[in-house]
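Take a moment with the sequence and the 3D view below. Then follow the text from the sheet to the loops.

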Amino acid sequence: MAHRPSAHHRGPSRRTVAKAAALGVAGVLAGARVASAADVTVSRLGPRTYDLGVPSAALGRTAPVRIILPTSYADQPNRTWPVLYLLHGAHDDYTSWTRETDIEAFTANRDLIVAMPDGGPTAIPTRWRTGLDYETFQLQEVPAVLSAGYRASPVRAVAGVSTGGYGAMAHAARHPGAFVAAASYSGIPDTRATRMPTIIEAIVARESLDPLSLWGDPTRDSATWQDYNPLARANALRGTALYVSVGSGSLSSPLAIVLAIAQLISGGVDALLPGAVESLVAPSTQSFVNELGSLGVPVTQHLYQGGGHQWSDWKREFVTSWPVLAAALGVPA
C-alpha cells in the first residue's frame, strides 16, 4: 500500500521507438509477437529503460511492464540474462520502483534484467474470481515476452512491497522452482493472520471494487483463501532463497489496532499514517516467519522496531536483501 493518489497509468501508447536499435533490441517486436501472438509496443525512457505494452489474454487488455536492460546488453548479443521481477504495492503502479528508488543506477553493471509488471490497482497479483488473472500475466505472459525478445534466461528472482510482497511469496510458493529467490518488504505473506482478511478486503474496497471479487467470502470460501495463502504453501519454498522484513510500526495497544482498522475501512489507507499501516500488516509477516521456522525452511528475516509502510523503509530493506537476491541470481553483489 503506497500513500499516493489512485490515478493509474494505462500503459504506453502504441508506438515503437526507433532508437531501440542502439541497445541491440531492434528485433524485439518480432520475438515478442512469437511469444504473445500479438503486437507488443515499446517506448524508450532512457539508455536502459523501456516501457512495454503487452497484450494479455489473462487480463483482457494491453498491460504495461517497465524493464531495465543490463549495461552491457548491446555489447553481448549472444548472452542471456537473469531477471529480477519487482512488484509494486496497492494504490500504486508499475512505475513505482523507478519513481521511488534508484533501481536504474543500482543495477548498472550488475548483469541482469529488471522487470516491473503491472499488478492492477490493488497489486494483488492473483487469479481473481472476476476472471482477471494477474498470476498468469506475471508468470507466463511477461516471461514469454522477455525470453523471446530480450534474451532473458530462466533464472528469476522476485521481490515486492506491501501487496507486492504478498505476490512475491505467493508466486514462489504456488510455483516451486519458478524463482531462485523471493523477497517481501512489509508484505502480506499470511492472508489468514489475525484481522488480515478484513485488511485485504479494505484494500480491495479502496479501489471501488467488490471485496468478494478477489477470493470470495473469507468464511464461506475459506478453501480458496487458503489456496492463495503463501503460508499454507510455505513448505514449497524450501530451496528458494528467502528474505522477509517488516517493522512493528507505531501502534502499541490492541485498542489502537482496532481503531486503525476502523479508520482503514471507513477512509482507506489514506486515512492512516505509514506507521499505523505497518502495525496492521506486521502480524502477517510475523506468523509467516514463525511457520517457516517450524518447518525448518531457511529464511533471512528482519523484523525491526518502528518503521512505516513507506518507501524510505523499503529502499533500505531492498539494499539489505540484495546479497540474498544477487547470490541466487548469480550476479555481482
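What follows is a short walk through a sheet, two helices and three loop residues.

This is a predicted model, in which local features need pLDDT of at least 70, side-chain atom pairs count only at pLDDT 80 or more, and totals for chains, interfaces and linings use all residues. Residues are numbered from 1 along each chain as its sequence is written, and side-chain values use heavy atoms, with hydrogens and water left out.

Start with the sheet. It is open, has nine strands and mixes its pairing. Strands are DSSP runs of E with at least two residues, helices are runs of H or I with at least four, and both are numbered from the N terminus. Two strands pair if DSSP finds at least two bridges between them. The order reads β1-β2-β3-β5-β4-β6-β7-β8-β9. β1 (41-44) and β9 (300-304) stand at the edges with a single partner strand each, so one side of each has no neighbour in the sheet. On average, neighbouring strands are turned by 20 degrees against each other, direction ignored. Axes here are lines fitted to C-alpha atoms, for helices over the stretch in contact, and angles run from 0 to 180 degrees between N-to-C directions.

Now look at one pair. β7 (residues 181-185) and β8 (residues 241-247) run parallel, joined by five bridges. Alanine 183 stands opposite tyrosine 243 in β8.

Helices pack on this sheet too. Helix α5 (residues 163-174) touches β4 (81-87), β6 (152-161), β7 and β8; contact means heavy atoms within 4.5 Å. The direction of α5 makes about 140 degrees with that of β6. Helix α10 (residues 274-295) lies across β8 and β9, at about 145 degrees to β8.

Next come the loops. Histidine 91 lies between β4 and α2 (96-100). Is histidine 91 buried or exposed? At 0% relative accessibility, histidine 91 counts as buried. Buried means under 20% relative accessible area, exposed over 50%, and partly exposed in between (1.4 Å probe, protein chains only). The side chain of histidine 91 makes a polar contact of 2.7 Å with that of glutamate 207. Such a contact is a pair of N or O atoms within 3.5 Å; within protein, one must be able to donate a hydrogen and the other to accept it, and residues adjacent in sequence count only if both atoms are side-chain atoms.

Alanine 123 is 32 residues from histidine 91 in sequence, and 7.4 Å away in space, C-alpha to C-alpha. Alanine 123 sits in the loop between β5 (113-117) and α4 (134-150). Its phi is near 60 degrees, a positive value in a residue other than glycine. Serine 186, in the loop between β7 and α6 (196-206), has a positive phi near 55 degrees. At 1% relative accessibility, serine 186 counts as buried.
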